[in-house]
Amino acid sequence: MKATFGAGCFWHVEDLLGKTKGVTSTAVGYIGGQLPDPTYEEVCTDKTGHAEAVEVEFNPAEISYEELLDVFWKNHNPTTLNRQGPDVGHQYRSAIFYHDETQKEIAEKSKNTLDDSKVFGDPIVTEIVPAPKFYKAEEYHQKYFKKQGF
């Protein structure tokens with residue numbers, strides 16, 4: 001099965017999800033913008049509308065979509081609009097790109113439960129939107145931390 005998340009810089013998110021039991025593959029890329037086949041340089045202008053994102057293939061017999069959402073929520077700040085740490089811009093937004101109605105329902109329930117619990121203190125601003133075309137990022141971005149020896 002497939003899941004797609006935006007949670008700031010895609011290098012960290014890919015590294016984290018790639019080490020998660022039940023995740024069989026990851027790819028970093030761009031999603032949710034207007035420009036077909038964007039480059040990293042174009043997305044970094046904050047004018048294409050894309051988010052940096054990670055597309056995850058996972059084995060639902062080993063990890064559920066709910067468990068992937070738990071990893072997503074626990075490893076970024078979903079209350080900051082278009083920002084994660086020092087990274088600022090629409091491309092760094094918190095977003096869940098769902099692939100079917102079941103994922104949408106699960107994601108919305110998860111977000112509402114967390115918002116109601118006030119665990120983050122501030123309201124969650126994470127988008128939950130249909131997954132449009134995912135454009136795989138340039139090869140040097142794939143498994144970036146591993147390539148850099150981190």
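By a nonpolar core I mean a set of buried Ala, Val, Leu, Ile, Met, Phe, Trp, Tyr and Cys residues that are joined through side-chain atoms within 4.5 Å. With that in mind, and remembering that what we have here is a predicted model, let me begin with the largest such core, which has 27 residues, and in which F5, L17, Y65, L68 and I96 touch the most other members. At least two residues of this core come from each of β1, at 2–7, α1, at 10–18, β2, β3, α3, at 65–74, and β6, at 94–98. The element that gives the most is α3, with six residues.

I96 is a good residue from which to look around, since, if we leave aside its neighbours within four places in sequence, I96 is in contact with T4 and F5, with Y65, L69, F72 and W73, with A107, and with T126, E127, I128 and V129. Apart from this largest core lies another one, of seven residues, and among them are A51, A53, A95 and F134.

Let me now turn to the strands, and to β2 in particular. Of the nine residues of strand β2, which covers residues 23–31, seven are buried, and so the strand is largely enclosed by the rest of the structure. With strand β3, residues 51–58, β2 pairs in the antiparallel sense over eight bridges, and within that pairing V23 stands opposite F58. β2 also runs antiparallel to strand β8, residues 134–136, to which three bridges join it, and there you will find G29 opposite K136.

One residue of β3 that I would like to point out is E55. Is E55 buried or exposed? Its relative accessible area is 18%, and because the cut-off for buried is under 20%, E55 counts as buried. Neighbours within four places in sequence again left aside, the contacts of E55 are K2, A3 and T4, then S25, T26 and A27, and finally F134.

That leaves the helices. α3 and helix α4, which spans residues 101–117, pack with their axes 10 Å apart and at an angle of about 45°, and the two helices are therefore oblique to each other. The crossing in which α3 passes α4 is right-handed. Which residues meet where these two helices pack? From α3 there are Y65, E66, L69 and W73, and they meet Q103, I106, A107, S110, K111 and L114 in α4. Y65 thus appears here as well as among the core residues that touch the most other members, and Y65, L69, W73 and A107 are also among the contacts of I96.

Definitions and conventions
Residues numbered from 1 in each chain as written. Predicted model: local features only at pLDDT ≥ 70, side-chain atom pairs only at ≥ 80, totals over all residues. Heavy atoms only, no water. Buried < 20%, exposed > 50% of the residue type's maximum accessible area, 1.4 Å probe, protein only. Helix = DSSP H or I, 4+ residues; strand = E, 2+ residues; numbered from the N terminus. Pairing = 2+ DSSP bridges. Contact = heavy atoms within 4.5 Å. Axes fitted to C-alpha atoms, helices over the stretch in contact; angles between N-to-C directions. Parallel < 35°, antiparallel > 145°, perpendicular 65-115°, else oblique. Left-handed = near helix turned anticlockwise from the far one by under 90°.
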